[in-house]
Amino acid sequence: ALVTNEPGVLAQVAGMFAARGFNIDSLVVGRTETPELSRMTIVVNGDNNVLEQVRKQLQKLVPVVKVVDYKDVAFVERDLMLVQVSTTGPNGENRRTEIVELANLFRAKVVDVSNERLMIELSGPEDKIEAFVRLVQPFGVVELARTGVIAMPRGESTPGKTRRAVVATGAPGTSGTAGPGMDEGDLPPG
């Protein structure tokens, strides 16, 4: 959703989801190129009825300027993860080389090194992040943090995935509408 950039908007949106029993799989909020607006990317898993209710309820909130569903739109999604992995094996052996090789296979970056652990940064689609986590778990995950999914529609001529619902800023050809007092021309692209 495209929302006004003001205090309390996140709490309002989260409160609406909680009050209606909708489960949020991922929620990311960030500023846009328009200082008065923030982009809220909300991933919700559900059938078409649930997703339609989410859209309708979001559009009723005053700070929400525009709601668009990426369910049937080709889009690019990314998630960012930092994970600290133990480099010491069960018998005290150093497993640093194995972990670095695995990180390289996933095009991840080692961003911090200490005697007993590595911190690895990885971004990509959610399934790539999940696969990497499964593979490093046997080494010992010390700590893990993820940003959540962000998404943008692909260019109109580029085919891509339409895997699941990601509610976000309007994309060309979608049914999102500008909120009260907002001119469509003032909205950022996407």
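## Legends to the close-up views

**A. At 44% relative accessibility, E6 counts as partly exposed.** This term covers values between buried, under 20% relative accessible area, and exposed, over 50%, taken with a 1.4 Å probe and protein chains only. The model is a predicted one, in which local features need pLDDT of at least 70 and side-chain atom pairs count only at pLDDT 80 or more, while totals for chains, interfaces and linings use all residues. Residues are numbered from 1 along each chain as its sequence is written, and side-chain values use heavy atoms, with hydrogens and water left out. E6 sits in the loop that runs between strand 1 (2-4) and helix 1. Helices (H or I, at least four residues) and strands (E, at least two) are DSSP runs, numbered from the N terminus. E36 follows E6 by 30 residues in sequence, and the two C-alpha atoms are 8.0 Å apart.

**B. Helix 1 (residues 9-20) packs with helix 2 (residues 48-60).** Two packed helices are described by the angle between their axes and the distance between the axes. Here the angle is about 135 degrees and the axes are 10 Å apart. The axes are lines fitted to C-alpha atoms over the stretch in contact, with angles from 0 to 180 degrees between N-to-C directions. Helix 1 and helix 2 are therefore oblique to each other, that is, outside the ranges for roughly parallel (under 35 degrees), roughly perpendicular (65 to 115) and roughly antiparallel (over 145). Helix 1 contributes V13, M16, F17 and R20 to the contact, and helix 2 contributes V54, Q57 and L58; contact means heavy atoms within 4.5 Å. By residue type, the contact of helix 1 with helix 2 holds 5 nonpolar, 1 polar and 1 charged.

**C. R55 is a buried residue, with a relative accessibility of 17%.** R55 belongs to helix 2. Apart from its neighbours within four places in sequence, R55 touches V67 and D69.

**D. N23 is exposed, with a relative accessible area of 59%.** The loop that holds N23 runs between helix 1 and strand 2 (26-31). N23 and V44 are separated by 21 residues in sequence, with a C-alpha to C-alpha distance of 6.6 Å.

**E. Y70 is buried, at 0% relative accessibility.** Y70 lies in the loop between strand 5 (68-69) and strand 6. From Y70 to A151 there are 81 residues in sequence and 8.7 Å in space, C-alpha to C-alpha.

**F. R107 has a positive phi, near 60 degrees, and is not a glycine.** The loop between helix 3 (96-105) and strand 7 (109-113) contains R107. With 76% relative accessibility, R107 counts as exposed.

**G. Helix 4 (residues 126-136) has E126, I129, A131, F132, V133 and V136 as its buried residues.** The buried residues of helix 4 pack against helix 3 and three strands: strand 6 (75-86), strand 8 (117-124) and strand 9 (141-146).

**H. The whole protein chain has 4 helices and 11 strands.** Of its 190 residues, 42% count as buried. Contacts in the protein chain between residues at least 6 apart in sequence include 73% that join residues at least 24 apart.

Methods:
Ala, Val, Leu, Ile, Met, Phe, Trp, Tyr, Cys and Pro count as nonpolar, Asp, Glu, Lys and Arg as charged, and the others, Gly among them, as polar.
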